[in-house]
Every structure is written in structure tokens, then in C-alpha cells.
There are 2 protein chains.
Amino acid sequence: MLGPEGEITTVGIGNVTTEAGATITDVQITYQRWGEFRGDPHGKNNIIVVEHALTGDSDATDWWSEAVGPGKALDTDKWCVICTNALGSCYGSTGPASQHPDGGVWGSRFPAISIRDMVHAEQAFFEALGISRVHAIVGGSMGGARVLEWTLMFPEQVDYALVLAVSARASAWQIGIQTAQITSITHDPNWQGGNYHGTGRSPDAGLAAARRVAHLTYRGEMEIDERFGTSAQPGENPLGAFRTDDHRFAVQSYLEHQGTKLTKRFDAACYVTLTEALNRHDVGRGRGGLNKALASSTVPTMIVGVDTDILYPYHQQEHISRNLGNLLAMSKLSSPVGHDAFLVEARQMDRILRHFIALTEETPSARDMAVAHGAYDI
Amino acid sequence: MLGPEGEITTVGIGNVTTEAGATITDVQITYQRWGEFRGDPHGKNNIIVVEHALTGDSDATDWWSEAVGPGKALDTDKWCVICTNALGSCYGSTGPASQHPDGGVWGSRFPAISIRDMVHAEQAFFEALGISRVHAIVGGSMGGARVLEWTLMFPEQVDYALVLAVSARASAWQIGIQTAQITSITHDPNWQGGNYHGTGRSPDAGLAAARRVAHLTYRGEMEIDERFGTSAQPGENPLGAFRTDDHRFAVQSYLEHQGTKLTKRFDAACYVTLTEALNRHDVGRGRGGLNKALASSTVPTMIVGVDTDILYPYHQQEHISRNLGNLLAMSKLSSPVGHDAFLVEARQMDRILRHFIALTEETPSARDMAVAHGAYDI
């Protein structure tokens, strides 16, 4: 049923019709799996789904190496951990940089997608594997947005959820900074209306500039300052008589490096597509508004935020926790690192994940409760 | 001695040699003045200097209309309020968009300047007017940086100071976001190495993109969200099947408007020059470090911050207040508005300014103390 341990495996799920009414044909979803599956694919089992963030991939043992593995908090000796690459990304699942069934690359033919479209694709992926229920879904940032939508779209398929460093909907500030990033890419002369693939020119400068700004929203300002302060890049003098691009502050060089590095591993159109999905993130849409949607949630869900998060400030996680229908627990990462703390603060995350797993083992799931009340046959 | 009330007046101050060793020849400083001068230009008098922020001008009765005027906190019936346009700006004082004495526009011939260079020019301006002492200097953001440097460079010329919403030096986060803005301008194909003036092409797109991001650092994220949330720009559908530039979220349209608006009133090269000056802001440079420099301050100085400031977080004003040699008072603007609160929260600012003025009237200045100890003749 499942692909070989750790290997990148791809599953076809057919067409996906987006929330906004476009159709993506012949969608492939790539995933990786660690740990043996145990239990009932339609009932209680040991699957923990890990959802990656914006530019992440299906290799959770890489980007969350201290959280996923034998003996770790998401213990692959005990749990079957599955991580898919999101719809719209460029790490195997279908996105704008993928081959179109009619030839060429999707490019501008790839529609705008929402977080819900990603979850729809992921649910279809599990259906294709013959799995209709998982023990838990866990994710941060864009991954957390997907987890939240999972609990609202398919509550009967998720026993427990852990949502890290995200909000119930995009805030205007997030949309503001994210649309600025999108524009930086789409106004790059090499963007070519989104059809740059195969032309030998790609909007790397725009993508790098977008990432440079994004990175400042992923990191805490105190951590950045502790690391770089006003230091010059070694061998350069940013205080010279004239400002020049080759005499930089250390932080400027660092951010340029972060931007350039991303262009070597990520596709600009996928970045636009996934960023736009974050702009459209809103659990309240079509559900009577934000708080009503959150209140309707039945899946026991733990919420975690970071005290110095610039992009998803902690009050946004407090907002979710105040309104969520079935709050399992609330926890705060205390760190100068900012948003990325859920990836970086390994020791705090270890405690949070172990606490979450323990709670899932001692708290009845919504389905357990329903069974106890006779609403389900097991 | 002083120009007519309210009128834009320009004073030549000769050459300015910058901290980094370049020379700006034949510098002009533009200013406006409200209220009659009273007192001794070299002793006690009623001059209050107001320092503008990054894209501000000498018309403090415009951008700080609720603070400066007859009967207002900075009461022009009582005080002689003077506001200069900063060196490097484009509102009359010499900057990269000004005429070069040898012909043409300064353009790339204009050197990098620091906050200290601006203060040097301003001190020379007062010298040219025959004034060697003022009652108080007041300013926020880039204006606050100038105030802080005034108190360290010319402590014997300033009786009291009020520093709003700034830090003792640029943080790495600030340098990061500010260099990203500079790059957005200097990588605009119309930048032409900084010599675009008179070519019919100017880097408006780069300047607008820079301002769009900057604006998100000037405003609090909760205020932006309260105003715009996830709303669509009227008549547009940002949730359509495909993302397009003409179907926008309201906040996106607002930020684009802010960006475009700036290009109609501000010069891109001046924006680069002043932003670079903020990058170089560091009161500790050449003074044995930040805290030693602050500790050496003798001018009674009041520090004010904004609790939701993203660009100059409140802990930076706390840092100044903890280390300053002669702290007059500390105050916090409580506002969802963020950094711009010192311009926007008129009622709180009114109380702060009145409190500051009262303190200046009841607290001995450093010079008063020195006189009392026989160090000065009056």
C-alpha cells in the first residue's frame, strides 16, 4: 500500500477542481513515509501526517530532522509518518513547473489554488492509498494552515491535530507583504507572463528579492541583530564615501545569500502559486465567518505559536485557541528566532511534540466520543 | 535674522565634508520658521527645532499639524519653531536631485551621508543664522536619530531633547529591510547608476516597490488588518480562478497606491541617500560603543516609543532610556498604528509634547547646572 521507507513516491490522483472553479488535470502527489503502518486504514491506526511549510518538501526527516525519526518525538519506530509535497509546489507534486499532460510546462495555465485545494488533493491522495483516517496531522506555517483546513474539511478523517505558527486567515499585513513578494517576481522582465520555463531566462532576481524580504518575516529581529548587528561583510566597507553594491553590511550579504540560495532550489512560479494560496487562506470563507468556522471544529487540536513571530504574531494563535471548538492544548515557543522557531528550536519543539503525542494517547478523539454515543460503528 | 513666518527660506552653508571623507560643495539648507524669536541666540531662547522623518519636509505645520501652531503643544505663540529640510532630501536642501555647482544634477556624484553629516549641516545652518543655542530639539524616526546625534555632537548647543520612535543604532533587521528597499530602486533599469535625472526615465517602479514594503514597517499589523482584513478592492475579485494583477485585495491596492503616491512627491536617489543614512545610524561609532556614547550624554532627553512599532520596536527605546546619561523622562505611545503613531496619534502626542515642554521649563539644563557650578559665564 505504502511506498518503501524514506523513498520519494508519487501517486496519481486524477483531476483536481479548485475552489475557484479551474481544473488541474492528472495531478500527481509525491510523498515520503517512515515507520511501519499499523492498524486499520479506515479506523484507528498509527499514521501521523506532517505538513511542510512554503518552500518545504516531502523529506520531513531533513527539514525537521530533530523531530522525525527513530526515538524522536515523532518516533518512526512507533508511528507511520507520512509527508506529502503540497499541490502547487515543485518537489514532485503537480505545480506550475510540472509537465502539462498536453505538453510543455503548466506555467500560466496552472490556476490559482487555495489551502483548501491542497487539502483536497491530499485527501484524494490518501483515498488513492486506501486510507480514510489518520491518527494525527501536524504542521507549521503553510503546513499549519493545511492542518487547520483538514480539521474543518474532513473532521471524520483526522483524530488529532497540531497547528503551529499560523493564523485562522491571512491578515492584511501578511497579504501586503506577500503580494509585494509576488509582484517582485511577476514584474521581473524574465517572468514572461509566467511562461519562462524552457526559455533559458527565469525571474531569479525577482524571486531572490522576494525571499530576501520574506526571510526578514521568518526571523526575529532580535536574533538577526544578535547575529549581525551593524557588522560589515568581511572585506567590505559599508561606511565608505559612496554607497556601492559590493560594500555591504553583513546582514545584507546574508539576505542576498538567502535569496540567491532559494533560486537554486525553488521555482519562481511555484513560489507565486503557494504564496497566493497563503493570501487566500481563510477558514471562515463560506462557513459563516472565522469564529463560527473555528467553533465548529470537532477535532481535538493543539495550537502553538512563537512569542517573537513577526509574520504570524502570537495573538493570532491566541485567537484560534479562544475560538476553536475542541482545543486540546495551547503552547508558546519562547525564542528570539521568530516564525522559524518551530523549525529551529529543536528542544522546545521536542517537548511540545512529545506532549502533543501523549495527549493524543490519553484524550478521546471526536470519533471515540461519537462511537461512545453510538453514532458510529467501529 | 530669520526668514518670514512660515515661508520656505534657504540658507547657504558652504561645503560639507562627510564623516566618510567626501565633500559636498555649496550646500543649501531650506527651512521654515513659525513664532517670533525671543531671547539670546547664544544663550537662553525660545527656539524649538523640529526634525522631520525620512520623506518629510520643512513644513512641520503640515505633517505635524496637530502639534505645531498657535495654542498647540509646540505653541508658536510662545516658541519659535524651526524645521529644516535634511541634507540629502529633495525639499530644498542639497541632495542628489539638486543642481550641482558644476552643472547638471548631483546624481551619483552625491556621496553617502550619515545622520551625523545631516546634523553637521544643520549646525552650520544655525551658525549661518547666528544661533549657537536652542531650547529644544524634537523629532521622530529619522528625525529622532538626528536629535540623538545633536545631543552627542553639540551638547552645549541644545538645552533639551525629545527623541521619538528610533534606536541608538540601526538594527540588523532595519538594515536588512532598508537595503532590500535600496536594491529595489538601484536594480530598476531606469536607475542608470543614479544618473537618471533629465533622461526622461526614473526608477519609479523601484521606488514604489520600496515604499510598499517600507509602509508595512511604518504601520502596525493590527491596524492594517482592522482596516483591510481580507477584503477585495471594490470591483475586483482576488479569489478568481487565476491570479491577475488587476484583481487585488484591498490592502494590496492600498500599498500600491502608497508606493505610487511617493513617486509623485519624492526623488528615488534622495530616498536611497536618506535610507542609507539610516543604515549608518550608530551613536556608538567612534565613541567607544553604544552604551558608552549614550552614557556620555549630558542633555536632558526624553525618550518615547510606540508599543506596536515593527520598525523600531519599543525595546530599542527602552535600551536608550536605560543607558542615557541624562534621562528626562520616558513615555510609551499605546496604539495599534505602529511606528507612524508619533505622527498619527495626535491626542497622545499632544500630552507627551506638553509634558516634555513643561519638563523643560522646570528642569535645569546641563548648561544651567554648569553655570550653577561656575563652569560658564552666562
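**How the labels in this model are earned**

Modeller: Over residues 47-345 of chain A, helix accounts for 39% and strand for 14%, with the end C-alpha atoms 24 Å apart. Everything here comes from a predicted model.

Colleague: What makes residues 47-345 of chain A a stretch to single out?

Modeller: The choice comes from UniProt, where an unreviewed entry places the feature "domain: AB hydrolase-1" at those residues. Such annotations may be inferred rather than shown by experiment.

Colleague: Thanks, let's turn to the sheet. What makes β1 and β10 of chain A the edge strands?

Modeller: The sheet is an open one of eight strands, in the order β1-β2-β6-β3-β7-β8-β9-β10 (chain A), with mixed pairing. β1 (9-17) and β10 (327-333) each pair on one side only, and that makes them the edges. On average, neighbouring strands are turned by 20° against each other, direction ignored.

Colleague: How do you know that β9(A) and β10(A) are paired?

Modeller: Pairing asks for at least two bridges between the strands. β9(A), residues 301-306, and β10(A) have six, in the parallel sense. One of the bridge partnerships joins G305(A) to K332(A).

Colleague: And what packs on this sheet?

Modeller: Helix α3 (142-153) of chain A touches β3 (47-51), β7 (134-140), β8 (158-164) and β9, and its direction makes about 145° with that of β7(A). Helix α12 (346-362) of chain A touches β3, β7, β8, β9 and β10, at about 175° to the direction of β10(A).

Colleague: Why is β8(A) called largely enclosed?

Modeller: Buried means under 20% relative accessible area. Seven of the seven residues of β8(A) are buried, so the strand is largely enclosed by the rest of the structure. β8(A) also pairs with β7(A) in the parallel sense over six bridges, and there L164(A) stands opposite G140(A).

Colleague: Now the annotated site. Which residues of chain A does the "active site" annotation cover?

Modeller: UniProt, again in an unreviewed entry, covers S141(A), D309(A) and H339(A) with that annotation. They are spread over 199 residues of sequence, yet they cluster in space, with a largest C-alpha distance of 10.8 Å.

Colleague: How do you know whether S141(A) is buried or exposed?

Modeller: Its relative accessible area is 7%. The limit for buried is under 20%, so S141(A) counts as buried. S141(A) lies in the loop between β7 and α3 of chain A, and its phi is near 60°, a positive value in a residue other than glycine.

Colleague: What makes D309(A) and H339(A) buried?

Modeller: Relative accessibility is 5% for D309(A), which therefore counts as buried. H339(A) is at 1% and so is buried too. D309(A) sits in the loop between β9 and α10 (314-323) of chain A, while H339(A) belongs to the loop between β10 and α11 (341-344) of chain A.

Colleague: How do you know what surrounds them?

Modeller: By contacts, leaving aside neighbours within four places in sequence. D309(A) is in contact with A165(A), T217(A), G338(A) and H339(A). The contacts of H339(A) include S141(A), A165(A), T217(A) and D309(A).

Colleague: A165(A) keeps coming up. Why is A165(A) called buried?

Modeller: At 1% relative accessibility, A165(A) counts as buried. A165(A) is in the loop between β8 and α4 (172-186) of chain A, and its phi is near 50°, a positive value in a residue other than glycine.

Colleague: What makes Y271(A) stand out in the largest nonpolar core?

Modeller: That core has 169 residues, and Y271(A) and Y271(B) touch the most other members. Contacts of Y271(A) include L54(A), I185(A), L207(A), Y218(A), L262(A) and F266(A).

Colleague: How do you know how the two copies are related?

Modeller: Chain B can be laid on chain A by a turn of 180° and a shift of 0.0 Å along the axis, with an RMSD of 0.0 Å. The copies are therefore related as by a two-fold rotation axis. Moreover, 100% of the interface residues of chain B are also interface residues in chain A, so the copies meet through the same surface.

Colleague: Last one: why is α10(B) called largely enclosed?

Modeller: Seven of the 10 residues of helix α10 (314-323) of chain B are buried, so the rest of the structure largely encloses that helix. Among the buried ones are Y314(B), H319(B) and I320(B). Their cover includes α6 (221-228) of chain A, together with elements of chain B including α3 (142-153) and β9 (301-306).

Methods
Residues are numbered from 1 along each chain as its sequence is written. Chains are lettered from A and ligands numbered from 1 in the order in which they are written. This is a predicted model: local features need pLDDT of at least 70, side-chain atom pairs count only at pLDDT 80 or more; totals for chains, interfaces and linings use all residues. Side-chain values use heavy atoms; hydrogens and water are left out. Helices (H or I, at least four residues) and strands (E, at least two) are DSSP runs, numbered from the N terminus. Axes are lines fitted to C-alpha atoms, for helices over the stretch in contact, and angles run from 0 to 180 degrees between N-to-C directions. Contact means heavy atoms within 4.5 Å. Buried means under 20% relative accessible area, exposed over 50%, partly exposed in between (1.4 Å probe, protein chains only). A nonpolar core is a set of buried Ala, Val, Leu, Ile, Met, Phe, Trp, Tyr and Cys residues joined through side-chain atoms within 4.5 Å. Copies are superposed by least squares on the C-alpha atoms of residues with pLDDT of at least 70 in both.
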